[in-house]
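Open your viewer and get your selection tool ready. We will go from stop to stop, with something to select at each one.

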Amino acid sequence: MADPQRVRTLLILGGTGDLAERLLLPGLARVVSRGRAPGLTVIGSGSREWTREQWQDRMRACFAQASEAADESAAEYLADTVERGRYLQLDLSKGAELADRIRDLEPPLAVYFALPPALAVQAVGKLQAGDLPPDTRLVLEKPFGSDQASAVALNEALARLVPEENIFRVDHFLGMTTVMDILGLRFTNRLLEPAWSNLHIEKMEIVFDEQLGLEGRAKYYDSAGALKDMIQSHLLHIMAFMAIEAPATLGERDLRDLVAATLRASVADPATSRRARYTAGSVDGREIEAYADSPGVDPSRGTETLAEVDIRINNDRWAGVPFILRSGKAMSRARKEVLVTFRPVSHLPEGFTGITDLPSRLRISFGPAEIELELNINGPQSVFRLERTGLKGPTHVSHLTPYGEVIESVLNGDPLLSVRADIAAECWRIVDPVLQAWASDEVPMESYPAGTQGPPGWNTSRADL
């Protein structure tokens, strides 16, 4: 159940940084413009010597798109929030200074760590029990640690500061729209629910391929790579919601308990994992230099830009079904979807021609937001010749951005969209063996030219997918 006490003060640590500018503040603007953050004071902080006016200018610029589409009341909400904005110059290496500044802020308070992972961990470590006002909410970006042991240590440090229900580990892929689209599709359609098991499903592929290359993110990305950046967090969560048992309710306890149980049953075999890195190429006419030659990249690190992991969920429903999680950069086309491949029919009557060996598939796309059921039907030229058709329709699109949905859940005190402590640790437990195998060079680093769909030998790189 949502906390009845709405957040009055949002402190953004790292407010002068890229994350706040590109995603956090524009997402907040959508919430504010709809009157869902009444009286909220947004305080930016950073090491820069900014004035209050400079911070308000940043807020105003980040609110601009929402302001352009705003009616009179929405424009007033946005302007009022900008006017209340304040700035704090903070040295996060000094725990006492951070604690003293936080104590002066009006509760209920949310502290958003919009910081590089190492700096966020450092800031958490500087705080002590009792430093934070009652009911303070702490909001952290992924990755939550760098392996299972560090995730557990970070969880313990956070638990010393606030109770678990006040810790929001943000995964913006888990926006309310994404989660509810999956759950609504799975559990409200009699057509699908009886077939949602290893008896009828051959495999699931969860893919997030993008055309973007490094785009100036070498400082973070070169220490993470595709496996840590995407699969360890975002795609494992999507997999869990695709695979969970039916919850009794849509309450956070019911849903997150089932997500945790699904992840506990999940294992990855390093021997079937794959990794690759893009070389120079062209995407939509835009030249992209080789990843290893990009500014800020250390080629000796062996950071992958394309990763693929085969997950097996060892329970009665999913035993034997591969869940193939893949994410890559600098691809020829963007592909952000779940592809469910059903098993072939038990018997195909003799006499049909054409497409006789292609099984039915369900495609859930997150960009654009739509669903398509691919079926075989009789073609117009001959009733004996099978052809492919698709039944396609849009899924729900929120008026909020994914970050807007996450921020609103923080302001309301609803932990449904946050990652629980045990779930964060389980995600690392699944991928740690793969990371160790890669660090030992047990899995070769392959390559693919930017602007292609990855190494041609990978099944997931086929053009017909």
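## First stop: an open pocket

The second largest pocket holds a volume of about 410 Å³. Keep in mind as you look around that this is a predicted model. To find the pocket, select F342, R343, V345, P359 and S360, which lie nearest its centre among the 19 residues of the lining. Now add strand 17, residues 369-378: this strand gives the most to the lining of the pocket, with three residues. What classes of residue make up the lining of the second largest pocket? Colour by class and you should find 13 nonpolar, four polar and two charged residues.

## Second stop: the closed spaces

Next, turn to the cavities. Rolling a probe the size of a water molecule over the atoms shows where empty space is left. How many cavities of 30 Å³ or more does a search of the whole structure find? There are two.

Start with the largest cavity, which has about 50 Å³ of space. Select L174, H237, F241, R256, V259, L416, S418, V419, R420 and I423 to display its lining. The elements that give two or more residues to this lining are helix 10 (225-243) and helix 11 (252-264). By class, the lining of the largest cavity splits into six nonpolar, two polar and two charged residues.

Then move to the second largest cavity, with a volume of about 40 Å³. Here the selection is F173, I206, V207, F208, L235, I238, E337 and F366. Strand 7 (201-209) and helix 10 each supply at least two residues of this lining, and the largest share, three residues, comes from strand 7. The lining of the second largest cavity has seven nonpolar residues, no polar ones and one charged.

## Third stop: helix 8

Select residues 176-187 to bring up helix 8, which has 12 residues. From its first C-alpha to its last, helix 8 reaches 16 Å, close to the 16 Å expected at 1.5 Å a residue. Show side chains for T177, V179, I182, L183, L185 and R186, the buried residues of helix 8. What covers them? The cover includes helix 10, helix 11, strand 16 (361-366), strand 17 and helix 12 (402-412).

## Fourth stop: A99

Now jump to helix 5, residues 95-103, and pick out A99. Is A99 buried or exposed? A99 counts as buried because its relative accessible area is 3%, and buried means under 20%. Leaving aside residues up to four places away in sequence, A99 touches L127 and D131. For a distance to try in the viewer, draw a line between the C-alpha atoms of A99 and E442: the two residues are 343 residues apart along the chain, and these atoms are separated by 46 Å.

## Last stop: helix 1

Finish at helix 1 by selecting residues 18-33. Its 16 residues reach 22 Å from the first C-alpha to the last, close to the 22 Å expected at 1.5 Å a residue. Where does helix 1 kink? Zoom in on L24, where a kink of about 35° lies shortly before the proline P26. L24 is also one of the buried residues of helix 1, along with L19, A20, L25, G27, L28, A29, V31, V32 and S33. Step on to G35, which follows helix 1 and has a positive phi, near 70°.

Note on methods. Residues numbered from 1 in each chain as written. Predicted model: local features only at pLDDT ≥ 70, side-chain atom pairs only at ≥ 80, totals over all residues. Heavy atoms only, no water. Helix = DSSP H or I, 4+ residues; strand = E, 2+ residues; numbered from the N terminus. Expected span 1.5 Å × (residues − 1). Bend = angle between axes of the 7 residues up to and from the residue. Buried < 20%, exposed > 50% of the residue type's maximum accessible area, 1.4 Å probe, protein only. 1 Å grid on protein atoms, 1.4 Å probe; cavity = no way out; pocket = protein on both sides within 12 Å on 5 of 7 lines; lining within 4 Å. Points joined across faces, edges and corners; volume = space filled by probe spheres on them. Nonpolar A, V, L, I, M, F, W, Y, C, P; charged D, E, K, R; others polar. Contact = heavy atoms within 4.5 Å.
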